[in-house]
Amino acid sequence: MSALPTSLAKNPRLGQWLRFRAEGVVEVRSGKVELGQGILTTLAQIAAEELDVALERIAMVPAATGSSPDEGVTSGSLSTQDSGTALRFACAEARALCLEAAARRFGVSAASLRLADGDIHAADGRRTSYWEIGDAAIEGRDATASIAPKAADARRIAGRSVPRTDLADKVLGHARFIHDLALPGMLHGRVLRPPSPGATLASLDESAAQSLAGVAAVVRDGSFVGVVARSEAIASAAIERLRAAARWNELAALPDASRLDEWLRSAPRETTVVADRTAGGPRPARTLKASFTRPYLAHASVAPSCAIARWEDGALHVHTHAQGIYNLRADLAIVFAMPAERIVVEHVQGAGCYGHNGADDVALDAALLARAVDGQPVRVQWTRADELAWSPFGPAMAIDLEADLDDAGEVLAWRGATWSNGHTMRPGRAKIPTLLAASQLATPFERSLCVDPPFASGGGSQRNSVPAYDFPRVRVECHRVLEMPLRASALRSLGAFANVFAIEGFVDEIAHARGEDPLAWRLRRVSDSRARAVIESAARRAGWGSAKREGFGRGIGWARYKGAGAYCAVAAEVELTHEVRVRRLCIAIDVGFAVNPDGVANQVEGGAIQATSWTLKEAVRFDRTRVAADGWEGYPILTFSEVPRVEVEVLQRVDEPSVGAGEAAQGPTAAAIGNAVRDAIGVRIRDLPITAGRIAAAALAEETETA
Amino acid sequence: MTHEPPMETVSLRVNGRDREARVAPDATLIELLRGPLELPATRFGCGTERCGACVVLMDGSPIYSCTLPAAAAAGRAVTTLEGLSEGGNASPLQRALIAEQAAQCGYCLSGIAMRATALLARHRDPSEDEVRAALDPHLCRCGSHNRMVRAVLRAAREMRESEGTSA
Ligand code: FES
Ligand code: FES
């Protein structure tokens with residue numbers, strides 16, 4: 001018997017993972033949720049494979065507390081690994097138990113039975129099926145992991161590209177998002193967010209809103225203000241009246257947005273050493289140094305966050321698009337000082353989710369407002385402006401790198417340091433709730449501070465901060481900033497985005513300093529064969545070394561996500577006109593065994609396009625007091641005509657374990673673009689985003705230096 | 001308590017059927033569609049004509065339903081994503097979107113599908129750049145742009161081919 005996979009050990013009861021329905025359907029429950037990434041298709045493929053049924057027979061049940069396995073948060077590119085592995089073992093065992101039950105019934109050996117799409121045939125013609133005996137066969141059984149899942153060469157469904165099970169409905173207009181739920185008797189809530197992150201409510205005349213027809217309740221609890229009304233439009237009108245009537249105390253508590261790195265380096269911090277291999281070594285001939293930065297980034301989902309909450313007899317029911325139903329439930333239980341068992345949290349799909357966004361926060365908003373109208377569901381949907389200004393941001397970072405070089409320009413020692421807030425403050429993990437409104441109540445909870453997961457499990461700001469090259473000596477420090485004027489949390493790939501941008505940019509500089517081709521340098525300094533394979537594949541596809549057109553530049557970057565996940569290399573081609581245009585990205589990705597290769601390609605392509613947007617355009621704007629709350633006008637993202645051509649090659653490795661695909665491309669994309677810009681104009685931009693203005697300034701500085 | 005202004009009746013043609021509903025006088029078209037007409041596939045993203053999630057066709061032209069007063073659609077013909085698959089048959093564009101697996105979360109998709117439908121109606125052979133330019137008012141945060149562009153080009157190709165065979 002092998003050790004139980006983590007998720008199965010935590011939720012061993014087989015019946016919690018799957019049920020057989022009489023009409024020939026297997027209901028499969030995972031604790032992971034669909035975020036637009038296609039995970040439910042991947043998990044369905046895995047279940048169909050191990051159960052030997054057609055993919056169409058698998059019905060993935062949306063996660064809900066109580067009935068779904070607790071698998072924590074759908075994040076960190078861990079879903080295929082966690083839930084997929086659990087399902088492989090659970091379904092393999094369920095299949096075996098069904099065959100055993102059928103064998104007992106017929107008085108034959110299990111090995112003599114034939115299984116065909118859920119039907120079980122005995123040699124003498126007798127037959128039964130999963131649908132008949134399946135539930136009884138697994139009833140009360142805990143997983144033992146004693147049945148080995150299928151070997152790679154026996155797989156028929158997993159490992160092949162299949163259409164996403166949810167996309168046709170979305171294209172045809174049949175799909176329902178959380179925004180579309182219309183529960184009987186449902187009312188609409190809105191929240192008056194403060195004008196700035198640190199503001200407290202000084203006074204409020206509620207009467208103007210109360211007198212509005214259709215307003216069911218005005219809720220005020222400390223600095224948390226909201227309304228419940230018959231329609232969204234009325235709720236919105238009431239909020240505007242309250243906005244006009246509210247007086248706030250504001251503080252100029254935000255750092256200088258144009259000098260974020262200075263603030264990061266001077267704020268109180270906690271320092272940890274991520275890597276320390278520094279003993280001995282010859283004296284360097286010279287030392288290269290460079291600093292890189294990234295600004296605060298917004299999730300900027302196309303849909304505003306939304307939730308529905310309803311109280312009845314002191315119990316709370318919440319519909320949410322959050323990434324962790326049990327985690328959200330735990331935080332709600334703290335806020336309302338009630339047992340978690342009195343709360344049900346159900347997942348309903350929202351728009352694409354790229355990390356810890358406002359989904360959990362809006363659920364608390366809805367629960368707070370619904371208290372005013374016991375028994376009635378209250379739907380809260382944030383405004384676009386609130387979505388961009390109040391969802392937690394991906395934190396700003398500064399990264400310092402140094403390399404000691406010998407006479408030949410080879411690296412003798414590497415030193416790195418990251419300066420950043422921690423990269424996560426997800427709900428359900430601490431004694432204080434991290435939900436936005438919790439710190440604004442009359443009896444407020446302390447504001448949470450972001451932490452970094454340990455480096456061994458991927459890290460946060462230190463994620464991918466240790467270079468994967470064969471350097472004799474490496475020291476990397478992580479300075480976690482302990483004040484958090486802007487509320488931050490996990491954004492896709494966490495610190496890896498900026499760390500890979502910095503490291504891969506800096507090694508380009510090291511290669512250039514030796515006069516060596518950056519691709520050749522990398523291939524010389526990387527020994528891991530899977531890493532070499534993605535680098536070579538991306539470079540080949542991009543036509544590395546072929547002649548370039550005037551005004552164009554080429555760059556490459558790669559990383560193994562978290563040092564233990566997917567290998568990804570990106571080769572970028574940029575064109576510099578009066579602006580920076582990324583024309584083409586050639587990507588090679590190795591996620592081990594790719595269950596749905598087209599799903600992997602889709603995720604990687606999407607991730608690379610989003611990262612191109614971060615790299616070229618994005619930065620949250622704020623002054624010393626307020627975050628700009630002007631919606632999309634103030635936070636432009638990449639448009640259709642700015643999107644580069646993207647070619648993705650999935651290197652299928654059937655014998656390797658599956659790892660996630662969604663966060664592998666971000667860092668390499670930024671790095672490849674930065675390196676391509678340097679290749680085109682000979683100037684390196686180390687501060688994100690790489691804008692035309694920054695390029696012009698850098699070129700000018702270079703000229704003055706050399707003049 | 002202030003009095004609510006009386007509701008107004010709006011009559012219009014939606015997805016080929018005559019419909020009538022009562023809405024507040026300042027209601028927008030998207031409120032009418034998602035509310036009383038129960039057509040939720042038209043999606044709200046920003047409310048300020050900046051993302052395109054809410055785009056529907058009015059008399060064949062793309063418009064932002066998040067800002068258009070419902071009253072302005074009175075007597076007009078409105079098409080939403082639900083209306084593209086007449087009689088349960090997916091439109092050529094819808095088939096192409098599925099074939100290209102052209103979405104991740106799909107939230108942005110309905111507005112984009114409506115804009116693309118309008119483009120294909122007036123342009124039987126658009127170039128890739130023309131498709132991109134046409135879709136520029138639409139935001140997609142998941143990065144499904146290229147698959148969507150490919151789907152529009154595929155739909156155009158298939159529509160031309162089927163014209164050819166039926167001619
Ligand atoms: S919702 Fe209408 S353009 Fe964004
Ligand atoms: S597919 Fe998610 S926003 Fe476009």
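What follows is a short chat about nonpolar cores and salt bridges in a predicted model.

Student: How are residues, chains and ligands labelled here?

Tutor: Residues are numbered from 1 along each chain as its sequence is written, while chains are lettered from A and ligands numbered from 1 in the order in which they are written. Because the model is predicted, local features need pLDDT of at least 70 and side-chain atom pairs count only at pLDDT 80 or more, whereas totals for chains, interfaces and linings use all residues, and side-chain values use heavy atoms, leaving out hydrogens and water.

Student: Which members of the largest nonpolar core touch the most others?

Tutor: They are A:Leu316, A:Leu332 and A:Phe336, in a core of 204 residues; such a core is a set of buried Ala, Val, Leu, Ile, Met, Phe, Trp, Tyr and Cys residues joined through side-chain atoms within 4.5 Å, and buried means under 20% relative accessible area, exposed over 50%, partly exposed in between (1.4 Å probe, protein chains only).

Student: OK, salt bridges now: how many does a search of the whole structure find?

Tutor: It finds 70 over all chains, counting a side-chain nitrogen of Lys or Arg within 4 Å of a carboxyl oxygen of Asp or Glu.

Student: What does A:Arg21 pair with, and is A:Glu27 buried or exposed?

Tutor: A:Arg21 forms a salt bridge with A:Glu27, their closest N and O atoms being 2.4 Å apart; A:Glu27 is buried at 17%, whereas A:Arg21 is partly exposed at 31%.

Student: And which residue does B:Asp125 bridge to?

Tutor: B:Asp125 bridges to B:Arg160, with the closest N and O atoms 3.0 Å apart, and B:Asp125 is partly exposed at 48%, as is B:Arg160 at 24%.
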